[in-house]
Each structure stands twice: as structure tokens, then as C-alpha cells.
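Reader: I should like to learn how the features of a protein model are read. May we go through them one at a time?

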Amino acid sequence: YFRQPTAMVKSKDDQARTAESVEGNALIEKLKQQTEDNREKNELLVQQRTFLNDASASFGPFDGQVLILNEDGKGFTLLENPQAMRLKKAGFIEGKKFIKQPTKEQIEDALVDDSPGFLGGLFGGN
């Protein structure tokens, strides 16, 4: 019932295995190259996520300060909540990331509230 494979069957099997290993090796090499190409990007992403997860222990939802990821993705800026909201209104922040990095002067200017406030707006005062 079970016979030994013939020489022709053995040679075809060897050819198929060789072709598979060559194709497999090319795929493996391609994947290794992609891994190397993405290594820096992946390390930066892991660093950002780790830092943000660690920061949640220090900066809760009712804290007066918030961390904003810099535009380059390599650092964070600590801002007061009202300051961050003013910069967000000005179009510098989306989510918790700068989409356009403001200058130091712009960050400092956002710390100062120049609105008339509730009572000033209500009664037209200065």
C-alpha cells in the first residue's frame, strides 16, 4: 500500500522545497528590512505612549496642567489648562498634540487672559 517515492517524485519534491525556501527567504529578508526601516519610528511611538501613560498618574483630569506633544514628536510641553485651550482655539493644538509648534512668545501670550470675563462681558466693563 505505501511505496517508496520514485526518483522523479523525489526530484520534484526537492525542487518545490527549494523554490519555497528561496521565496520564503526573500519574503523574510523583505520583512527584516521593513523592520529595520521602521525601528526608529516604532521606538519613538513606544516612547511617546509610555510617557503619556506614565503622565496620567501625575496629571489627572482635574489637574490644572496638561502635557502637549511637540510637533516633532520627541518632547512634551507642560501648559496650564486655560493656556492650552487658547492655543487650541488659535489652531496650534489638535487633540493633545501641537500641529504647528508655537513660539515661546505665543505660548507666554496664551497664558494671559485678555477676554473681558463673565461680568465684564455682561455689563460691558473693561
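Author: Let us begin with a term: two residues are in contact when heavy atoms of theirs lie within 4.5 Å. Please also note that this is a predicted model.

Reader: Against which elements do the buried residues of H2 pack?

Author: The buried residues of H2 pack against strands S1 (65–69), S2 (76–80), S3 (93–94) and S4 (97–98), and against helix H3 (104–111). In H2, which covers residues 81–89, the buried residues are Gln83, Ala84 and Leu87. Viewed down the axis of H2, its buried residues fall within an arc of 100 degrees, so they line one face of the helix.

Reader: Which exposed residues does the face of H2 turned away from the buried side carry?

Author: That face carries Met85 and Lys89. Just after H2, glycine 91 adopts a positive phi of about 90 degrees.

Reader: Is glutamine 83 buried or exposed?

Author: The cut-off for buried is under 20% relative accessible area. Glutamine 83 counts as buried because its relative accessibility is 6%. Leaving out residues up to four places away in sequence, glutamine 83 touches Ile107, Glu108, Ala110 and Leu111. Alanine 110, with neighbours within four places set aside, is in contact with Gln83, Arg86 and Leu87.

Reader: Which residues make up the largest nonpolar core?

Author: The general idea is that nonpolar side chains tend to be buried together in soluble globular proteins. Here the largest nonpolar core has 10 residues: Val66, Ile68, Leu79, Ala84, Leu87, Phe92, Ile93, Phe98, Ile107 and Ala110. At least two residues of this core come from each of S1, H2 and H3.

Reader: How is empty space found, and how much of it lies in the largest pocket?

Author: Rolling a probe the size of a water molecule over the atoms shows where empty space is left. In this model, the largest pocket holds about 300 Å³ of space. Its lining has 18 residues, and the closest to the pocket centre are Gln65, Val66, Leu67, Asn81 and Lys96. Helix H1 (7–55), S1 and H2 are the elements that give two or more residues to this lining. By class, the lining comprises 10 nonpolar, five polar and three charged residues.

Reader: Where does serine 56 lie?

Author: Serine 56 is in the loop between H1 and S1. With a relative accessible area of 47%, serine 56 is partly exposed. Its C-alpha atom is separated by 9.6 Å from that of valine 66, and the two residues are 10 residues apart along the chain.

Notes: Residues numbered from 1 in each chain as written. Predicted model: local features only at pLDDT ≥ 70, side-chain atom pairs only at ≥ 80, totals over all residues. Heavy atoms only, no water. Buried < 20%, exposed > 50% of the residue type's maximum accessible area, 1.4 Å probe, protein only. Helix = DSSP H or I, 4+ residues; strand = E, 2+ residues; numbered from the N terminus. Arc of directions from axis to C-beta. 1 Å grid on protein atoms, 1.4 Å probe; cavity = no way out; pocket = protein on both sides within 12 Å on 5 of 7 lines; lining within 4 Å. Points joined across faces, edges and corners; volume = space filled by probe spheres on them. Nonpolar A, V, L, I, M, F, W, Y, C, P; charged D, E, K, R; others polar. Core = buried A, V, L, I, M, F, W, Y, C linked by side-chain atoms within 4.5 Å.
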